[in-house]
Amino acid sequence: MDERAGLAPTLPPSNPTSSYWQDPLHQISNHRTTRELPKSVSTIIIGSGITGASIAYNVLGKSDTSSVLMLEARTSCSGATGRNGGHTKAASYRAFLDNVQGQGEEEAAKIARLEYKNIKAVHAFIREHKIDCDSWEGDTVDIIYDMGQWNRAGKAISAMKRILGEDDPAAQYKFHSASETAEKFLTEGAMGSVSYEAGSINAYKFVIGILALALTRGLNLQTETPALKISGSSGGKSRWTVETPRGSIGAERVIMATNGYTAYLYPPVKGIIVPLRGTVAAQRPGTSMPKEGLRTTYSFIYGNGYEYMIFRPPGSAFAGDLVIGGCSTKAPNEGLYEWGTTDDTAIDPDIGQYVRDSAAGYFGSHWGEDDPDGRIRKQWTGIMGYSSQGFPLVGMAPGGENLWMAASFQGSGMVLCFLTAKALVTMMDGEDDDDMNDWFPRAFRTSEGRLKHKFQGRLHEKAPMDLENKAGSETQLETDEQTIRN
């Protein structure tokens with residue numbers, strides 16, 4: 001892992017795999033607000049995904065804002081946000097015990113509540129601004145196949161209810177026995193399952209909607225204009241100079257919303273923010289799947305990893321399609337060579353095949369035959385960003401006055417980025433006070449100390465050994481529902 005984590009990221013390649021969500025491209029996918037780049041601006045935002053778009057919208061909502069320029073290396077929202085699975089799902093219990101151990105109960109609770117509130121805020125924003133992005137709110141279910149993961153779920157959710165409170169909306173989960181899981185969720189062979197509140201969106205269309213709103217507020221969006229280098233400037237009010245193939249721009253402040261690519265522009269985080277390539281496929285459901293479509297989104301959790309899956313809601317394009325991703329640990333060496341790469345032009349053949357087969361495998365006899373038009377509608381990859389401590393890095397870049405960053409969202413951008421953008425703008429405006437400390441985790445903030453932690457790969461995946469074979473646990477397979485709720 002040390003070798004993979006130490007690889008220097010590249011710019012996003014110009015010919016990525018074609019994402020299901022970006023077909024067809026929106027009219028502002030290729031957009032240059034002005035023919036020429038300005039010589040100087042107050043603010044440069046690098047990156048046009050959910051983080052960059054949300055930052056731009058919030059910055060431009062301030063009455064004292066002057067000029068804001070957004071640079072995008074490719075087309076609008078062509079990075080991880082436009083390539084994910086569209087799942088607004090927190091699964092906060094999965095990391096909760098580790099967060100309690102590493103950060104303390106108060107901070108762990110703060111992280112769980114932020115994830116839940118972020119989901120609610122995203123869907124509320126969609127309703128308020130009438131963004132057409134296939135927004136769906138309902139329940140999700142985690143189908144758990146591993147005893148250690150099953151026992152950890154019970155222990156974690158019990159801890160969440162104790163620390164957050166029985167009635168806290170971020171701590172509401174329901175357990176299902178193996179037999180109920182097989183009957184209700186059409187999957188067999190599981191230890192049991194956990195259901196809770198979640199949702200799904202077309203994240204590409206959501207971000208295009210935010211960008212459109214930001215453009216009406218005065219955003220200067222420049223696509224196909226990669227930032228090549230950020231350097232200090234001594235000229236006038238500009239603290240920074242950003243170099244692009246089309247010329248250099250001076251800025252009072254620069255914001256890197258570049259996730260897994262951040263170390264390309266800010267080398268101190270090389271080996272601290274590490275790219276990971278993810279694989280996703282859009283599939284037509286099998287002929288025996290429910291004709292009315294599925295009613296929940298899913299995750300399928302096993303000993304060393306998981307897959308996640310949404311269904312396309314009624315009224316959307318290709319309604320009923322299943323979008324499934326994950327599976328990186330199914331490659332040789334548990335997908336080691338997916339780490340450190342920023343190449344989303346290719347699909348690993350082992351992972352690609354597993355993704356194509358996984359949904360049919362999980363649903364078994366309920367799948368039936370493949371659709372006459374074929375199982376796979378489209379398959380693609382995207383680049384995520386992971387940090388050495390398992391948390392985003394948000395705030396001023398260490399050693400860089402008015403150089404800001406919000407990156408490394410651990411593959412969970414849909415439940416972190418929207419409100420994190422609001423937090424970053426609050427920091428930049430000097431309004432970082434006790435009110436924000438009440439809801440924004442200190443574990444997410446940038447610091448010199450966070451640049452010293454060794455990268456360990458994806459955290460919170462495997463259950464501790466002491467939970468692996470605890471067959472006598474109160475969350476044991478086939479216990480009655482009242483016991484299973486404890």
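Tutor: Let's start with what gets called a helix: helices are DSSP runs of H or I with at least four residues, strands are DSSP runs of E with at least two, and both are numbered from the N terminus. By that count the protein has 12 helices and 17 strands. This is a predicted model, where local features need pLDDT of at least 70 and side-chain atom pairs pLDDT 80 or more, while totals for chains, interfaces and linings use all residues. Residues are numbered from 1 along each chain as its sequence is written, and side-chain values use heavy atoms, with hydrogens and water left out.

Student: What makes the protein as compact as a globular protein of its length?

Tutor: Take the radius of gyration over C-alpha atoms and set it against the globule rule, 2.2 Å times the number of residues to the power 0.38. The rule gives 23 Å for 486 residues and the protein has 22 Å, which is close, so it is as compact as a globular protein of that length. The C-alpha trace spans about 70 × 50 × 45 Å along its principal axes.

Student: How do you know that the span of helix 9 agrees with what it should be?

Tutor: The expected span is 1.5 Å times one less than the number of residues. For the 15 residues of helix 9 (349-363) that comes to 21 Å, and the end C-alpha atoms are 23 Å apart, which agrees.

Student: Where does helix 9 bend, and by how much?

Tutor: At Asp 357, by about 40°. That bend is the angle between axes fitted to the seven residues ending there and the seven starting there. Just past the helix, Gly 364 takes a positive phi of about 55°.

Student: What makes the Asp 348 to Asp 350 pair at the start of helix 9 a polar contact?

Tutor: A polar contact is a pair of N or O atoms within 3.5 Å; within protein, one must be able to donate a hydrogen and the other to accept it, and residues adjacent in sequence count only if both atoms are side-chain atoms. Here a side-chain oxygen of Asp 348 comes within 3.0 Å of the backbone nitrogen of Asp 350, so the pair fits the 3.5 Å limit.

Student: Why is Ser 408 called buried?

Tutor: Buried means under 20% relative accessible area, against over 50% for exposed and partly exposed in between (1.4 Å probe, protein chains only). Ser 408 has 0%, so it is buried. Leu 186 has 16%, so it is buried too. Ser 408 lies in the loop between strand 17 (403-407) and helix 10 (417-428), and a polar atom of its side chain lies 3.0 Å from the backbone nitrogen of Ser 387.

Student: Which residues does Ser 408 touch?

Tutor: Contact means heavy atoms within 4.5 Å. Not counting residues up to four places away in sequence, Ser 408 touches, among others, Asn 259, Ile 273, Tyr 386 and Phe 391.

Student: What makes a set of residues a nonpolar core?

Tutor: Its members are buried Ala, Val, Leu, Ile, Met, Phe, Trp, Tyr and Cys residues joined through side-chain atoms within 4.5 Å. The largest one here has 64 residues, and those touching the most other members are Ile 55, Phe 206, Leu 219, Leu 424 and Phe 444. Helix 10 supplies the largest share of this core, nine residues. Ile 55 has contacts including Ile 45, Ala 406, Leu 424 and Val 425.

Student: What makes Ala 91 stand out by its phi?

Tutor: Its phi is positive, about 50°, although it is not a glycine. Ala 91 sits in the loop between strand 3 (87-88) and helix 3 (93-103). Leu 186, also not a glycine, has a positive phi near 65°.
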